[in-house]
Amino acid sequence: IAADAEVIHEVAKAGNGSMRDALSLMDRLAASGERPLTVKLLEDLLGLPPRRVIGELLAAARDGDVARTLTAGARLL
């Protein structure tokens, strides 16, 4: 099964130390039929917000940009 290296890393993190949970998640990704497996597919499967938006929120907060932080937070909601 073709998969981005990044999605493999994220599945391992999502497994939270449980090989069985990580394998179950990989099975669900593989059953989607999409190739290659991607982080976007994983986010959609788990109902997670896009990592890009989370990154924008964190960067805005780090920079102390209140308007940008609120805008990014609103996108997450």
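Student: Leaving aside neighbours within four places in sequence, which residues is Glu43 in contact with in this predicted model?
Tutor: Glu43 has its place in helix 3. With neighbours within four places in sequence set aside, its contacts are Leu48, Pro49, Pro50 and Arg51.

Student: Which side chain of opposite charge is nearest to Glu43, and how far away is it?
Tutor: Glu43 is buried and has no salt bridge. A salt bridge needs the side-chain nitrogen within 4 Å of a carboxyl oxygen. The nearest candidate is Arg51, at 4.4 Å.

Student: Which backbone atom does the Glu43 side chain reach, and at what distance?
Tutor: Arg51 is also the residue concerned here, through its backbone rather than its side chain. The Glu43 side chain reaches the backbone nitrogen of Arg51 at 3.0 Å.

Student: Which elements are included in what covers the buried residues of helix 3?
Tutor: The buried residues of helix 3 are Val39, Leu41, Leu42 and Glu43. Their cover includes helix 1, helix 2 and helix 4 (51-63).

Student: Which helices each supply at least two residues of the largest nonpolar core?
Tutor: That core has nine residues, among them Val7, Val11, Leu25, Leu29, Val39 and Leu41. Those that each supply at least two are helix 1 (5-14), helix 2 (19-31) and helix 3 (39-46).

Student: In which helix is confidence lowest, and at what mean?
Tutor: The protein averages a pLDDT of 92, and 100% of the residues score at least 70. Confidence is highest in helix 2, at 94, and lowest in helix 3, at a mean of 90.

Notes: Residues numbered from 1 in each chain as written. Predicted model: local features only at pLDDT ≥ 70, side-chain atom pairs only at ≥ 80, totals over all residues. Heavy atoms only, no water. Core = buried A, V, L, I, M, F, W, Y, C linked by side-chain atoms within 4.5 Å. Buried < 20%, exposed > 50% of the residue type's maximum accessible area, 1.4 Å probe, protein only. Helix = DSSP H or I, 4+ residues; strand = E, 2+ residues; numbered from the N terminus. Contact = heavy atoms within 4.5 Å. pLDDT = per-residue confidence, 0-100. Lys, Arg positive; Asp, Glu negative; His and termini not counted. Polar contact = N/O pair within 3.5 Å; in protein donor to acceptor, adjacent residues only side chain to side chain.
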